[in-house]
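Me: Please walk me through this fold in short questions and answers. Begin with the sheet.

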Amino acid sequence: MTTTRPTGTAPKVTASRAVAAPPADARALGLAHYAARGVLEHFLARHGLTFPQQIALRTAVTAETPRTRDELVTEVRGVLKADPAALHATLDELVAGGLLAVAGAHLRPTEAGRAALAAVAAETAPVSARIWGGIPAEDLAAAGRVLALVTERADAELARLTAGTPA
């Protein structure tokens, strides 16, 4: 624990050093993911959404141009690493719920879909601020670099494994 003590003040503990952290590894990454996902799923449930539905809906909402069903499945699969059949079912659920609409060959987010995402974002904002607040920018930057590298390597390994290349 790092402390600094300006003259005449109580000891101050810096945010990045307050907790002795174990080295980052797959378990730590998984624990952080599931803790954060659990918080998000609490708010998604209030709106009748599942985690995969939220990812698919967000993908449709943030796309620069409308996506076909297959394009959405491909993009969401890149994030969730889920079975394409399950992702098609997720899109069907979003269409049936009025959150996505079929427009010719494309699926477009509806106003209800945009509103649901906006509501979840508004509800999670204060919780996210408490979770992420106080973490020094340099720690977030370092974590971002490490997580990007882990994601890149894991994606490459998964591609190798699914292509039938031996481990």
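**Sheet, salt bridges and core**

The open sheet holds three strands in the order E3-E5-E4, with antiparallel pairing. Helices (H or I, at least four residues) and strands (E, at least two) are DSSP runs, numbered from the N terminus. Two strands pair if DSSP finds at least two bridges between them. This is a predicted model, so local features need pLDDT of at least 70 and side-chain atom pairs pLDDT 80 or more, while totals for chains, interfaces and linings use all residues. Residues are numbered from 1 along each chain as its sequence is written, and side-chain values use heavy atoms, without hydrogens and water.

Me: Which strands stand at the edges of the sheet?
Reply: Strands of a sheet pair through backbone hydrogen bonds, either parallel or antiparallel. An edge strand here has a single partner, so one of its sides is left without a neighbour in the sheet. That describes E3 and E4.

Me: How many bridges join strand E4 to E5?
Reply: E4 covers residues 100-103 and runs antiparallel to E5. One of the pairs is Ala101 with Arg108. The bridges between E4 and E5 number four.

Me: In E5, what is the bridge partner of Thr68?
Reply: E3 (residues 67-68) is joined to E5 by two bridges, and the two strands run antiparallel. Arg67 has Leu107 as its partner. For Thr68 the partner is His106.

Me: Which residue takes a positive phi in the hairpin of E4 and E5?
Reply: Two residues lie between the strands of this hairpin. The phi in question is near 65 degrees. The residue is Gly104.

Me: Along strand E5, which side chains point to one face and are buried?
Reply: Buried means under 20% relative accessible area, exposed over 50%, and partly exposed in between (1.4 Å probe, protein chains only). The side chains of E5 (residues 106-109) alternate. His106 and Arg108 point to the other face and are not buried. The buried ones are Leu107 and Pro109.

Me: How many salt bridges does the count come to?
Reply: Side chains of opposite charge can pair when their charged atoms come close. A salt bridge needs a side-chain nitrogen of Lys or Arg within 4 Å of a carboxyl oxygen of Asp or Glu. One of them joins Arg160 and Glu157, with N and O 2.7 Å apart. By this rule the count is six.

Me: Why are Arg37 and Glu41 separated by about one helical turn?
Reply: Their side chains meet in a salt bridge at 2.9 Å, N to O. Arg37 is partly exposed at 22% relative accessibility, and Glu41 is partly exposed at 32%. The separation is about one turn because both lie in helix H1 (residues 26-46), four residues apart.

Me: How many residues apart are Asp155 and Lys81?
Reply: The side chains of Asp155 and Lys81 meet in a salt bridge of 3.0 Å, N to O. The pair links distant parts of the chain: Asp155 is in helix H6 (residues 137-162), and Lys81 is in the loop between helix H3 (69-80) and helix H4 (84-96). Their separation is 74 residues.

Me: Which helix supplies the largest share of the largest nonpolar core?
Reply: In soluble globular proteins, nonpolar side chains tend to be buried together. A nonpolar core is a set of buried Ala, Val, Leu, Ile, Met, Phe, Trp, Tyr and Cys residues joined through side-chain atoms within 4.5 Å. The largest one has 22 residues, and Leu57 and Leu100 are among those that touch the most other members. The largest share, five residues, comes from H2.

Me: Which residues in E5 and beyond does Leu100 touch?
Reply: Contact means heavy atoms within 4.5 Å. Residues up to four places away in sequence are not counted. The contacts of Leu100 include Leu57, Leu91 and Leu94. Also among them are Leu107, Arg108, Pro109 and Thr110.

Me: What percentage of the residues in the protein is buried?
Reply: The protein comes to six helices and five strands. From the N terminus on, the elements run β-β-α-α-β-α-α-β-β-α-α. Of the 167 residues, the buried part is 20%.
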